[in-house]
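Here is a short briefing on one protein chain. Look at the model first, then read the points by topic.

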Amino acid sequence: MKGFGPWLGVLTLVLVLNALRLRPLAVAVSLAWLVWCVWTWIRPARRRPDAP
């Protein structure tokens, strides 16, 4: 369940921003989160110099 914390946090933030009628900011947060998630999934794994 710990892995869902950031996802639920961003979802809550976007819902609150929408409720406050700050939709452009909510869209920006959503897109930034999406870009960050895609980047962490597709970037090459960093290799440690001491790994065989």
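**Overview**

The protein chain has 2 helices and 0 strands. This is a predicted model. The chain has 52 residues, and 12% of them count as buried. Its accessible surface comes to about 4,900 Å². Carbon and sulfur atoms account for 72% of that surface.

**Helix α1**

- Helix α1 covers residues 5–19, which makes 15 residues.
- At 1.5 Å a residue, α1 should span 21 Å, and its end C-alpha atoms are indeed 21 Å apart, so the two values agree.
- Which residues of α1 are buried? They are V10, V14 and L17.
- Seen down the axis of α1, these buried residues fall within an arc of 65°, so they line one face of the helix.
- L15 and A19 are exposed, on the other side of α1.
- The cover over the buried residues of α1 includes α2, residues 23–42.

**A closer look at V10**

- V10 sits in helix α1.
- Its relative accessible area is 16%. Buried means under 20%, so V10 counts as buried.
- Leaving aside residues up to four places away in sequence, V10 touches V29 and W33.
- V10 and S30 are 20 residues apart along the chain. Their C-alpha atoms are separated by 7.6 Å.

**The loop between the helices**

- R21 lies in the loop between α1 and α2. Its position is just after α1.
- What is notable about the phi of R21? The angle is near 60°, a positive value in a residue other than glycine.
- Is R21 buried or exposed? Its relative accessibility is 65%. Exposed means over 50%, so R21 counts as exposed.

**Helix α2**

- Helix α2 has 20 residues.
- From its first C-alpha to its last, α2 reaches 28 Å. That is close to the 28 Å expected at 1.5 Å a residue.
- A26, W33 and C37 are buried in α2.
- These buried residues cover an arc of only 35° around the axis, which puts them on the same side of α2.
- On the other side of α2, five names appear as exposed: P24, L31, V35, W39 and I42.
- What covers the buried residues of α2? The cover includes α1.
- W33 links two of these points: this buried residue of α2 is touched by V10.

**The nonpolar surface patch**

- A nonpolar patch of about 1,300 Å² lies on the surface.
- Its members include F4, W7, L8, L11 and L15. V27, L31, L34, V38, W39, W41 and I42 also belong to the patch.
- F4 is found in the segment before α1.
- α1 and α2 each supply at least two residues of the patch.
- Which helix gives the most to the patch? It is α2, with 7 residues.
- Some exposed residues belong to the patch as well. L15 is exposed on α1 and is part of the patch. L31, W39 and I42 are exposed on α2 and are part of the patch too.

**In brief**

- The chain has 2 helices. The cover of the buried residues of α1 includes α2, and the cover of the buried residues of α2 includes α1.
- The buried residues of α1 line one face of that helix. The buried residues of α2 lie on the same side of α2.
- Both helices supply residues to the nonpolar patch.

Key. Residues are numbered from 1 along each chain as its sequence is written. This is a predicted model: local features need pLDDT of at least 70, side-chain atom pairs count only at pLDDT 80 or more; totals for chains, interfaces and linings use all residues. Side-chain values use heavy atoms; hydrogens and water are left out. Helices (H or I, at least four residues) and strands (E, at least two) are DSSP runs, numbered from the N terminus. Buried means under 20% relative accessible area, exposed over 50%, partly exposed in between (1.4 Å probe, protein chains only). Accessible areas come from the Shrake-Rupley method with a 1.4 Å probe; for residues, only the protein chains shown count as cover. The expected span of a helix is 1.5 Å times one less than its number of residues. The arc is that of the directions from the helix axis to the C-beta atoms. Contact means heavy atoms within 4.5 Å. Patches are made of residues with over 30% relative accessible area and no salt bridge: like charges are joined within 9 Å, nonpolar side chains (Val, Leu, Ile, Met, Phe, Trp, Tyr) within 5 Å. A salt bridge is a side-chain nitrogen of Lys or Arg within 4 Å of a carboxyl oxygen of Asp or Glu.
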